[in-house]
Every structure is written in structure tokens, then in C-alpha cells.
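Here are a few friendly notes to read alongside the model. I have put them as numbered points, going from the whole chain to one strand and its partners.

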Amino acid sequence: MTGAERDRAQGSPRPHRVAVLALPGVPPFELGIPSRVFGSVQDAEGRPLYDVTVCTADGAPVPSDAGFTVQPAAGPEALAAADTVIVPPTHAMPELGRGGPLPPEVTSAIAGIRPGTRLVSICTGSYVLAAAGLLDGRPATTHWNLAPEFRRAYPKVRVDEDVLFVDDGDVLTSAGVAAGVDLCLHLIRRDHGAATANRAARMCVVPPWRDGGQAQYIDRPVPEPTLAGTTATRAWALEHLDEPLSLAQLAEHARMSLRSFTRRFRDEVGMTPVQWLTAQRLELAKQLLETTDLTIDLVAHRAGFGSANSLRAHMRAAFGVSPAAYRRAFSPRHAAAVRG
């Protein structure tokens with residue numbers, strides 16, 4: 001259980017403490033993501049739900065990769081006190097790309113993190129976690145362009161370069177740059193539910209959930225502009241998730257052959273139409289479980305799974321939990337009822 005989950009279960013008003021470790025060569029954009037996203041989250045009384053602190057391994061300023069110096073608010077003591085530690089990338093430690101060791105002060109700072117603290121990396125911050133041995137045997141991701149190098153340097157890590165982020169419970173990793181926003185929103189959703197994450201997304205003027213994975217951003221030939229896209233069909237499908245949509249129906253809506261539609265869809269989204277449709281239905285089911293009191297059967301029907309048994313099978317395969325267990329863990333309505 002994370003610090004935020006313990007606080008919520010106990011009804012504690014203490015903000016969840018997030019420490020962001022700034023290393024030499026940190027890109028300002030990635031460094032600022034946690035403060036911007038988590039800093040927009042408040043409870044019903046307007047109190048902040050997260051307390052974000054930027055720190056360095058030894059408390060000293062560090063150079064960014066943009067020509068200015070980052071003055072931290074704290075040193076390694078912030079890591080030791082944190083509920084969540086976030087590691088943005090560094091462009092000043094090329095030895096990590098060869099599986100080399102971390103600087104001693106970074107190793108010491110990471111060693112001071114309390115057991116049970118949630119660990120998060122943004123983009124190539126995954127190299128830091130991997131070099132510390134914290135990703136051994138775990139699934140993880142990093143920027144797609146560096147996935148081959150990452151595999152060579154850290155063969156014990158199970159790398160998936162096709163996704164925007166990987167949630168492995170107490171250790172989470174995101175893909176390149178803006179995928180850090182996706183992961184932070186996912187954490188808010190995990191901590192406080194879909195409605196809170198959606199509000200944070202609106203404040204940051206970003207989508208609360210992005211379709212597809214990292215594969216859609218890998219360099220590939222641009223489709224001919226004369227060919228129709230699948231955007232309109234995807235929008236149409238989202239309005240009809242409760243119906244038994246078939247691949248033939250989707251292709252017909254897009255006015256393409258099955259073969260052309262499937263190829264075009266994968267080029268644009270990075271996954272097959274069936275995989276995408278299942279992901280959207282799971283996303284809708286999670287939202288309904290978090291924000292409504294509908295029975296599992298009705299949630300399954302509205303999300304297009306047909307039956308509660310089908311929904312259970314898909315949720316267990318995708319998330320390792322049943323719909324009922326997911327609702328108990330992530331529905332603020334359910335948590336309030338338990339406390340009451």
C-alpha cells in the first residue's frame with residue numbers, strides 16, 4: 001500500500017510526499033512534469049493532495065541540459081521522507097548506457113529511500129533505477145529509441161518499448177518525455193480515482209488518457225495522404241462500445257477493406273483494432289467501476305463485454321484483479337463508505 005493509499009484509508013489530510021531527484025544534465029521539461037501535474041491536484045476543500053519537492057543527491061545545485069542551474073529545495077533527506085520518488089532523465093551520465101555504475105552520492109541517496117516507497121522514472125530515468133538494481137526481473141519501459149541499448153546494458157530488465165508506461169505496483173517507468181505526464185496522471189488516478197485525474201488533466205490541458213502506446217511514435221513511412229484515416233472510425237467506436245462491434249463493421253465504417261483498415265489502423269495507433277477496442281472497453285469499465293454504483297453485470301454490458309464473466313477474465317488478464325477488487329481499491333465512493 002502506498003503512502004497516499006494509507007492516508008486515504010486512515011482519512012489523513014497529510015499530502016502525499018513526492019520527491020523529484022534532479023541529477024546533473026536533467027532536462028527542464030521532464031524535471032517540471034511532477035510539480036506541474038501533481039501540483040494541480042486538490043481535495044474538495046481546496047487542500048493540496050501532493051507535496052512535491054525537487055532535491056539532489058547531495059543537496060547541491062546541478063546543471064540542467066538547457067544552460068541553467070537547478071537550485072534544489074532539499075537534499076537526500078527528501079528521498080528518505082518521500083512516499084513517492086520520481087527520477088527524471090539525465091544527459092550527463094553516458095556510462096549508464098553501457099551498464100556502468102552510478103556516482104557514489106547517487107547510490108548513497110537511493111540507498112536511503114525507505115522500503116515500500118513508490119519508485120517512478122520518466123524517460124531515461126529508468127537507467128538510474130536499472131543501474132541501482134531496482135528493475136532486475138521487472139517489466140519496464142524507456143524511450144523507444146534507446147530500448148536496444150537499454151536491453152544490452154541491463155539484460156535482467158524485461159523491456160517493453162511499445163507502451164507509454166509500465167505499472168509494476170511499487171515501481172513504475174514511463175517512456176519518453178510527455179509519457180511522463182501520462183504516468184503522473186495514472187498515479188493520480190490510482191491514488192484518488194478517475195474524476196480527480198480527469199480534473200488534473202483538464203488543468204494541464206492534456207488528455208486524461210492517450211490511445212495506443214509508444215509504438216505509434218516510432219519512425220516509419222508516412223501513409224499516402226490520399227488514403228483515408230481511421231480517426232473518425234475510432235471516434236465512432238467510442239460512442240458504440242456497448243455494442244458487439246466487429247472488425248468488419250469498423251472497416252465498413254472507414255470504407256476500407258479489412259486488410260487495408262487493419263494495416264492503416266496499426267500504422268496510426270500502434271496496435272491492432274481488436275487490441276485497441278479491448279483497451280477502450282477496459283478503460284470505460286474502470287471509469288464506471290470508480291465513479292458509479294452500477295452492478296458488475298451492468299458495467300460489463302455498458303463497456304461492451306457482454307457478461308460479468310467476460311469482464312472478469314479481461315480485467316484479470318490485463319490488471320491481475322477482478323472488477324470487484326478494482327472497485328474496492330480505486331473507487332473513492334467505496335472508500336468513503338468503508339470509512340463511514
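1. Counting contacts in the chain with a separation of 6 or more, 64% are between residues 24 or more positions apart. Please keep in mind that this is a predicted model.

2. On overall make-up, you will find 16 helices and 10 strands in the chain. Of its 340 residues, 48% count as buried. The exposed surface comes to about 15,900 Å², with 56% of it supplied by carbon and sulfur atoms.

3. Now to strand S6, which covers residues 118-121. Which way do its residues point? Arg 118 and Val 120 point one way, while Leu 119 and Ser 121 point the other way. Arg 118, Leu 119, Val 120 and Ser 121 are all buried, and for the arginine that means under 20% relative accessible area.

4. One partner of S6 is strand S5, residues 84-87, and the two pair in the parallel sense over four bridges. If you would like a place to look, Val 87 stands opposite Ser 121 in S6.

5. What lies between these two strands in the β-α-β unit? Helix H4, residues 104-111, joins S5 and S6 in making that unit, which is right-handed.

6. S6 is also joined to strand S10, residues 171-174, by three bridges, and S6 and S10 run parallel. Here Val 120 stands opposite Leu 172 in S10. Val 120 is thus a handy residue to display: it points the way Arg 118 does and is buried.

Conventions: Residues are numbered from 1 along each chain as its sequence is written. This is a predicted model: local features need pLDDT of at least 70, side-chain atom pairs count only at pLDDT 80 or more; totals for chains, interfaces and linings use all residues. Side-chain values use heavy atoms; hydrogens and water are left out. Buried means under 20% relative accessible area, exposed over 50%, partly exposed in between (1.4 Å probe, protein chains only). Two strands pair if DSSP finds at least two bridges between them. A crossover is right-handed if, with the strands pointing away from the viewer, the path from the first strand over the helix to the second runs clockwise. Contact means heavy atoms within 4.5 Å. Accessible areas come from the Shrake-Rupley method with a 1.4 Å probe; for residues, only the protein chains shown count as cover.
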